[in-house]
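Reader: I am new to this structure and would like a close look at one helix and what surrounds it. Please start with the whole chain and work inward.

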Amino acid sequence: MPIFRKQMEDGSEEEISEEELYQYTRHRWIYNEPEQLAARYRKFKISALVDAAVNAAGNSAKSCVKLLKCTEGKYYKVFLLTMDNGAEVVARVPNPNAGPSFYAIASQVATRHFLRAVLNLPVPRIYASSTDPFAVGAEYIIEEKAEGQRLSTLWHQWQPESQLDLLAQLVDFEIKLASVSFRRRGCIYYKKDLEKKCRPVYDPEKNCRPAYDLEKKCRPFYDLEAMSQSSDGPMRRLDPAITEEFALGPSTEPELWNTPLELDRGPWSTHMSFMRAIGMNEIHRAIYSIKPRLNPYRRIGTSETPDDYIRLLEQYVDLAEYLADHLGTNQTMLSHRGLGLDNIFVDPDTKKITCIVDWHATEATPPSFHDSYPQMLMPVRRFLGESGPRADYNLASHYDKVYELKNKSHRAAIMLPRRELLLTPTFRVTNAWGKNEVFYLRQAMIDTAVRWNEIEGPATPFPVTFTQNEIDLHYTEKGIIDLLPNFLLEMHDEGFLPLYGMIAPEYYEKALFNNEFGKKEFIEAATTEKEKVFHSQVWPYQDRDS
């Protein structure tokens with residue numbers, strides 16, 4: 001067996017046990033930690049994975065001498081395996097929180113082949129993969145080692161002109177990624193993989209999209225029908241000879257798969273078919289898998305019930321019909337959902353992008369649903385003592401200007417007028433009950449009602465009616481929930497508490513202490529004993545039942 005080592009945050013290595021290969025060790029949590037760690041723990045057969053990697057490495061490799069556990073991401077364990085002849089390959093194994101392992105691996109393999117073969121994008125070559133967990137004890141991908149160096153190790157040492165040039169490269173990459181469009185929303189697969197689980201729909205113009213077949217447990221998929229932006233402007237259909245082996249199938253979004261219930265996971269042909277589907281999915285969850293519960297945000301201690309939730313979801317579906325009309329084109333394009341510093345590799349000498357990694361759950365979606373900015377430009381709040389600069393808003397502004405200059409129409413399709421108002425209700429729907437975010441779904445719909453004239457104008461009445469009791473209960477919740485944001489925001493911004501309760505292990509004990517201190521301060525801010533009870537109940541960073 002090879003030696004086992006782990007890559008540290010500073011790039012150094014240390015020896016670890018076999019058990020640590022299966023564990024998640026990059027962060028800890030100050031609440032519900034056992035559940036968080038269990039969602040990221042994946043045991044598999046080390047010897048079988050090593051054998052698969054040796055076979056994939058080729059070049060007369062006979063054995064693996066070192067297995068390095070790389071810096072951990074959210075959904076995958078990533079290992080760099082070094083062979084006896086010096087060859088190196090990377091193995092990726094999905095964690096339980098990555099969603100449906102078969103679909104996640106099958107889609108990522110096909111998507112990355114499409115990106116390399118059709119768009120000629122800098123994506124690591126895949127040597128081997130398996131959607132069958134039997135041999136290794138887990139699904140896996142074995143790929144070439146990314147060329148270059150992680151941008152996270154260089155970015156904050158670069159001069160501003162080098163950073164601006166990198167952003168221009170990133171804009172070029174994103175424009176090229178979006179240069180191919182599709183007729184539906186969903187993930188790319190090989191047809192041969194989907195045929196094991198799904199049923200094809202070859203002529204959507206003549207055959208209406210069939211519903212999910214519960215008895216046969218098979219989902220629909222479609223020919224890719226990809227269009228490409230030609231150099232002289234018009235859109236042209238990609239050569240079917242290039243796309244014949246591919247298909248568009250269900251989404252691999254993890255939150256759509258965290259239930260044994262059969263849900264509509266796509267593909268979807270319009271904004272409305274997608275928005276209606278996620279609303280109906282939640283109604284399905286409410287009917288079959290949730291029970292009444294106490295709502296700690298309501299002072300009178302009343303329960304919230306599945307019937308309450310179903311009514312709100314039905315209201316969302318009614319509202320979605322109007323919102324969908326304002327979301328622009330139904331054509332979909334690919335986008336990378338995690339363009340953070342760890343996922344971008346560059347040549348340290350030329351400062352040119354050499355590779356983009358981590359294509360988990362990549363999906364063709366309408367541009368209005370794409371991220372406004374790459375993850376690397378989003379604000380970062382750091383815990384007291386953690387190193388690293390915060391995000392630079394001037395860089396985000398530069399990114400905006402460059403994108404608009406290079407492809408104004410696509411940037412406009414992403415930065416839709418009233419984008420947040422139109423999309424927030426939809427972003428809040430999936431698993432709102434499970435995430436204790438029913439309040440935020442209702443608030444998003446109320447915000448839309450308040451600004452309805454900006455969307456439809458005074459001639460069209462708001463399509464949803466809230467009862468006086470619903471409004472009263474909502475604002476009772478709001479009165480309590482509104483106590484928290486400013487208090488927590490100040491603590492996050494000053495580095496007193498880690499955002500989302502996730503913290504580097506070396507700061508864990510300090511974070512626990514600060515959390516208890518912060519909770520005590522929040523409780524003591526209440527003026528009556530009854531208020532103190534409420535404040536204690538709504539503090540977010542404490543263990544709760546899943």
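Author: The accessible surface of the chain comes to about 25800 Å², and carbon and sulfur atoms account for 51% of that surface. The model is a predicted one. Along its principal axes, the C-alpha trace spans about 75 × 60 × 55 Å. A compact globule of 546 residues would have a radius of gyration near 24 Å, and the chain, at 25 Å, agrees with that. Of the 546 residues, 51% are buried. The secondary structure amounts to 18 helices and 23 strands. Taking contacts between residues at least 6 apart in sequence, 69% join residues at least 24 apart.

The nonpolar interior comes next. In soluble globular proteins, nonpolar side chains tend to be buried together. The largest nonpolar core here has 53 residues. Those with the most contacts inside this core are F114, L151, W155, F182, I188, I344 and M376. Helix α5, residues 160-177, gives the most to the core, with 8 residues. A second, separate core has 46 residues, and W268, A277, Y309 and L423 are among them. Back in the largest core, F114 touches L119, V180, F182, I188, L224, L238, F246 and L334, leaving out residues up to four places away in sequence.

Now the helix for the close look, α15, which runs over residues 468-481. Its 14 residues should span 20 Å at 1.5 Å a residue, and its end C-alpha atoms are 20 Å apart, so the two agree. The buried residues of α15 are E470, L473, H474, E477, I480 and I481. Seen down the helix axis, these buried residues fall within an arc of 120°, so they line one face of α15. The general background is that an α-helix has 3.6 residues a turn, so residues three or four places apart point the same way. The cover over the buried residues of α15 includes α9, α13 (438-450), α16 (483-493) and α18 (529-538).

Helix α9, residues 306-323, also appears in the surroundings of another helix: together with α12 (419-427), α9 is part of what covers the buried residues of α8. Helix α8 takes in residues 271-289 and has 19 residues. From first C-alpha to last, α8 reaches 27 Å, close to the 27 Å expected at 1.5 Å a residue. The buried residues of α8 are H271, F274, M275, A277, I278, G279, N281, E282, I283, R285 and A286. One of these, A277, belongs to the second core.

The loops beside these helices hold some backbone details. Most residues other than glycine have a negative phi, and most peptide bonds are trans. P267 sits in the loop between β16 (246-249) and α8, and a cis peptide bond with an omega of about 5° joins G266 to P267. N431 is placed in the loop between α12 and α13. Although N431 is not a glycine, its phi is positive, about 60°. N431 counts as buried because its relative accessibility is 14%, the cut-off being under 20%.

N120 also has a positive phi, about 55°, without being a glycine. This residue lies in the loop between α4 (101-117) and β7 (126-130). At 61% relative accessibility, N120 counts as exposed, because exposed means over 50%.

Note on methods. Residues numbered from 1 in each chain as written. Predicted model: local features only at pLDDT ≥ 70, side-chain atom pairs only at ≥ 80, totals over all residues. Heavy atoms only, no water. Helix = DSSP H or I, 4+ residues; strand = E, 2+ residues; numbered from the N terminus. Expected span 1.5 Å × (residues − 1). Buried < 20%, exposed > 50% of the residue type's maximum accessible area, 1.4 Å probe, protein only. Contact = heavy atoms within 4.5 Å. Core = buried A, V, L, I, M, F, W, Y, C linked by side-chain atoms within 4.5 Å. Rg over C-alpha atoms; globule rule 2.2 N^0.38 Å. Areas by Shrake-Rupley, 256 points an atom, 1.4 Å probe, with all protein chains shown as cover. Arc of directions from axis to C-beta.
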